[in-house]
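Work through the exercises below with the structure open beside the text, and try each task before reading its solution.

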Amino acid sequence: MLVTALVRRVGAAGGFAAVLARGDDSAGAILVVTQDRGLGAQIFERGIGPDGRTDLIAVGPADDPLAVGDYWAKRRRSDPDLWVIELDVADAQRLAAETLLGD
């Protein structure tokens, strides 16, 4: 449900969203690969931030599309329930945080 909401929200903002890997509907973690016009790839995952609150945490490599792809593929091999969503839209991190964290 969160993934569907995020895909719709990005589309409504004029961006592109794609499900790169479908995880478990009720228990899968979500990795979000963000870009803006194909540049600046960064991976975020919902987790516990330094203040103890749920937050989107930057994980894995950044700005290297091949390394980003390798990172999420490796994570997916070890966790088949993992969702991987790619967003290409301005302010992707904010849209993901508002949707996935309820901010």
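**Exercise 1: A residue in strand S4**

At 26% relative accessibility, Ile57 counts as partly exposed. The model is a predicted one, and the exercises below all refer to it.

Task: Decide where Ile57 lies, and which residues Ile57 touches when those up to four places away in sequence are not counted.

Solution. Begin with the accessibility: buried would require under 20% and exposed over 50%, so the 26% of Ile57 falls in the class between, partly exposed. Next, place the residue in its element, which is strand S4. Then list the contacts: leaving out residues up to four places away in sequence, Ile57 touches Ile43, Phe44, Glu45, Gly47, Ile48 and Gly49. One of these, Glu45, also stands opposite Ile57 in the strand pairing. Finally, look further along the chain, where Val32 is 25 residues apart from Ile57, and the C-alpha atoms of the two are separated by 10 Å.

**Exercise 2: The sheet**

Task: Work out the order of the strands in the open sheet, and say which strands form its edges.

Solution. Start from the pairs. S2 and S3 run antiparallel and are paired over five bridges, with Val33 having Ile43 as its bridge partner in S3. S3 is joined in turn to S4 (residues 54-59) by six bridges, again in the antiparallel sense, and here Ile43 has Val59 as its bridge partner in S4. Ile43 is thus a residue with a partner in S2, Val33, and a partner in S4, Val59. Now take the five strands together: they form an open sheet in the order S1-S5-S2-S3-S4, and the pairing is mixed. S1 and S4 each pair on one side only, and these are the edge strands. On average, neighbouring strands of this sheet are turned by 25° against each other, with direction ignored. As a last step, add helix H2 (residues 65-78), which packs on the sheet and touches S1, S2, S3, S4 and S5, its direction making about 170° with that of S2.

**Exercise 3: Positive phi angles**

Task: Find which residues have a positive phi of about 60° although they are not glycines, and describe where they lie.

Solution. Take Arg37 to begin with: this residue, although not a glycine, has a positive phi of about 60°, and it lies in the loop between S2 and strand S3 (39-48). The two strands form a hairpin with two residues between them, and Arg37, at 71% relative accessibility, counts as exposed. Then turn to Asp91, which is likewise not a glycine and has a positive phi of about 60°. Asp91 lies in the loop between S5 and H3, and its relative accessibility of 44% makes it partly exposed. For comparison, consider two glycines: Gly52, in the turn of the S3 and S4 hairpin with its five residues between the strands, has a positive phi of about 85°, and Gly14, which follows H1, has a positive phi near 85°.

**Exercise 4: One helix and the core**

Task: Determine which residues of H1 are buried, and why they can be placed on the same side of the helix.

Solution. The buried residues of H1 are Val3, Leu6 and Val10. They cover an arc of only 60° around the axis, and therefore they sit on the same side of H1. The general background is that an α-helix has 3.6 residues a turn, so residues three or four places apart point the same way. On the face turned away from the buried side, H1 carries the exposed residues Arg8 and Ala12. The buried residues themselves pack against strand S1 (16-21), S2, S5 and H3.

Now follow Leu6 into the core. Not counting residues up to four places away in sequence, Leu6 touches Val32, Ile85, Leu87, Leu95, Ala96, Thr99 and Leu100. The largest nonpolar core has 18 residues, and within it Leu6 and Leu87 touch the most other members. Helix H1 (2-12), strand S2 (30-36), strand S5 (83-88) and helix H3 (92-101) each supply at least two residues of this core, and H3 gives the most, with six. Apart from this core lies another, of 10 residues, including Ala21, Val33, Ile43 and Val68.

Terms used. Residues numbered from 1 in each chain as written. Predicted model: local features only at pLDDT ≥ 70, side-chain atom pairs only at ≥ 80, totals over all residues. Heavy atoms only, no water. Core = buried A, V, L, I, M, F, W, Y, C linked by side-chain atoms within 4.5 Å. Buried < 20%, exposed > 50% of the residue type's maximum accessible area, 1.4 Å probe, protein only. Contact = heavy atoms within 4.5 Å. Pairing = 2+ DSSP bridges. Arc of directions from axis to C-beta. Axes fitted to C-alpha atoms, helices over the stretch in contact; angles between N-to-C directions.
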